Amino acid sequence: MADNHTPLTYDPQYILMVKDLKKYFPIKGGMMSRVIGQVKAVDGVTFNLKRGTTMGLVGESGCGKTTTGRTILRLYGDKTDGEVLFNGKEVYDMNKAEMRDLRTHMQIIFQDPFSSLSPRMPVGEIIGEAVREHNLVPKAEFDDYIDKVMDDCGLQPFHKDRYPHEFSGGQRQRICIARALALNPEFVVCDEPVSALDVSIQAQIINLLKDLQKKRDLTYLFISHDLSVVEHISDTVGVMYLGNLVEYGKTEDIFRNPLHPYTKALFSAIPIPDPKAKMNRIVLEGSIPSPANPPEGCKFHTRCQYCKEQCKHEVPKQKEIEPGHFVVCHLFD
């Protein structure tokens with residue numbers, strides 16, 4: 001992880017390097033619609049992602065996971081602050097032509113497969129639209145190429161002429177995956193790709209994503225609130241709370257030894273598939289503060305049972321507790 005004051009130095013083993021990323025949205029009010037405040041959706045996120053690996057990003061709804069993914073992909077126009085290096089290049093310094101080329105290298109799989117697919121286009125057109133736009137394959141090979149992408153994602157060639165409403169939820173998500181992979185990307189943001197699906201279908205989609213990762217050497221940022229899915233698919237895990245990454249490390253380290261009080265509370269809610277097992281559930285008191293008006297000091301102090309006076313006024317710094325395992329908490333000062 002990078003120091004918060006020096007500019008990022010590119011390390012070729014990482015496909016993506018994010019440092020102190022911030023994305024604020026303006027709150028407008030009054031007769032003149034002036035900016036009267038800001039929603040701090042992402043408020044200083046730092047991590048590095050190795051090629052060919054998967055990083056899980058977990059946290060409660062509204063903690064900024066999706067905004068982090070979309071800000072990295074430059075889907076919100078501009079960032080507020082921070083750096084995003086993709087293959088050593090700052091994403092937000094690219095011009096229109098460079099950005100157009102980058103779109104084929106970075107893709108996203110959206111959470112809701114139904115609303116992210118055009119109801120007026122047949123599946124073959126949905127998957128092939130961007131392939132045609134970027135001239136990825138010659139016209140003569142276009143149909144065969146789309147057939148192969150669909151086959152890789154578990155879809156049949158005769159599905160090409162059907163419309164999204166004719167498919168089940170699991171098949172629609174396969175269409176979304178095929179659309180993302182048709183451009184042959186290196187990096188894919190998976191924004192809760194299985195949360196809208198049945199558990200049995202979830203397993204199929206997760207296994208499909210893992211197979212495609214091996215076959216195509218893909219790198220994933222896997223956003224989810226389902227910790228058992230994250231444990232299964234991820235190499236590293238980042239835990240988010242109110243726009244900040246409070247803990248980050250290898251999956252086995254974080255699940256074996258969660259350090260931050262928020263991570264411990266999250267993990268205590270994972271159901272155990274044994275009716276006799278006693279769960280030591282940690283129930284967090286209070287409600288989540290508003291990202292438009294976050295608390296001073298450590299943002300988690302209003303709900304933390306270990307809160308000290310220092311936590312209320314001083315923002316904790318990131319510390320490496322064991323190799324590659326980082327935590328942002330005053331308990332480790």
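In the predicted model, strand β7, residues 187-191, is mostly covered, with five of its five residues buried. Side chains in a regular strand alternate between the two faces of the sheet. Both faces of β7 are covered: Phe187, Val189 and Asp191 are buried on one side, and Val188 and Cys190 are buried on the other.

Strand β7 pairs with β6 and with β8. Strand β6 (residues 106-109) runs parallel to β7 and is joined to it by four bridges. Strand β8 (residues 219-223) is also parallel to β7, with five bridges between them. Cys190 takes part in both pairings: Ile109 stands opposite Cys190, and in β8 the bridge partner of Cys190 is Phe222. The connection from β7 to β8 passes through helix α6 (residues 199-216), and this β-α-β crossover is right-handed.

Helix α6 has 18 residues, which at 1.5 Å a residue should span 26 Å; the end C-alpha atoms are 26 Å apart, in agreement with this expectation. Its buried residues are Gln202, Ile205, Ile206, Leu208, Leu209, Leu212 and Gln213. Viewed down the axis of α6, the buried residues fall within an arc of 160° and therefore line one face of the helix. On the other side of α6, Ser200, Lys214 and Lys215 are exposed. The packing partners of the buried residues of α6 include both strands and helices: β3 (54-58), β6 and β8 among the strands, and α4 (142-152), α5 (169-181) and α7 (227-233) among the helices. Just after α6, Asp217 adopts a positive phi of about 55°.

An open sheet is formed by four strands in the order β2-β1-β4-β5, with antiparallel pairing. The edges are occupied by β2 (34-50) and β5 (89-90); each has a single partner strand, so one side of each is left without a neighbour in the sheet. Strand β1 (residues 14-29) and β2 run antiparallel and are joined by 13 bridges. Within this pairing, Lys23 has Val42 in β2 as its bridge partner. Helix α1 (residues 65-72) packs on the sheet and touches β1, β2 and β4 (81-86). The direction of α1 makes about 115° with that of β1.

Methods:
Residues are numbered from 1 along each chain as its sequence is written. This is a predicted model: local features need pLDDT of at least 70, side-chain atom pairs count only at pLDDT 80 or more; totals for chains, interfaces and linings use all residues. Side-chain values use heavy atoms; hydrogens and water are left out. Buried means under 20% relative accessible area, exposed over 50%, partly exposed in between (1.4 Å probe, protein chains only). Helices (H or I, at least four residues) and strands (E, at least two) are DSSP runs, numbered from the N terminus. Two strands pair if DSSP finds at least two bridges between them. A crossover is right-handed if, with the strands pointing away from the viewer, the path from the first strand over the helix to the second runs clockwise. Contact means heavy atoms within 4.5 Å. Axes are lines fitted to C-alpha atoms, for helices over the stretch in contact, and angles run from 0 to 180 degrees between N-to-C directions. The expected span of a helix is 1.5 Å times one less than its number of residues. The arc is that of the directions from the helix axis to the C-beta atoms.
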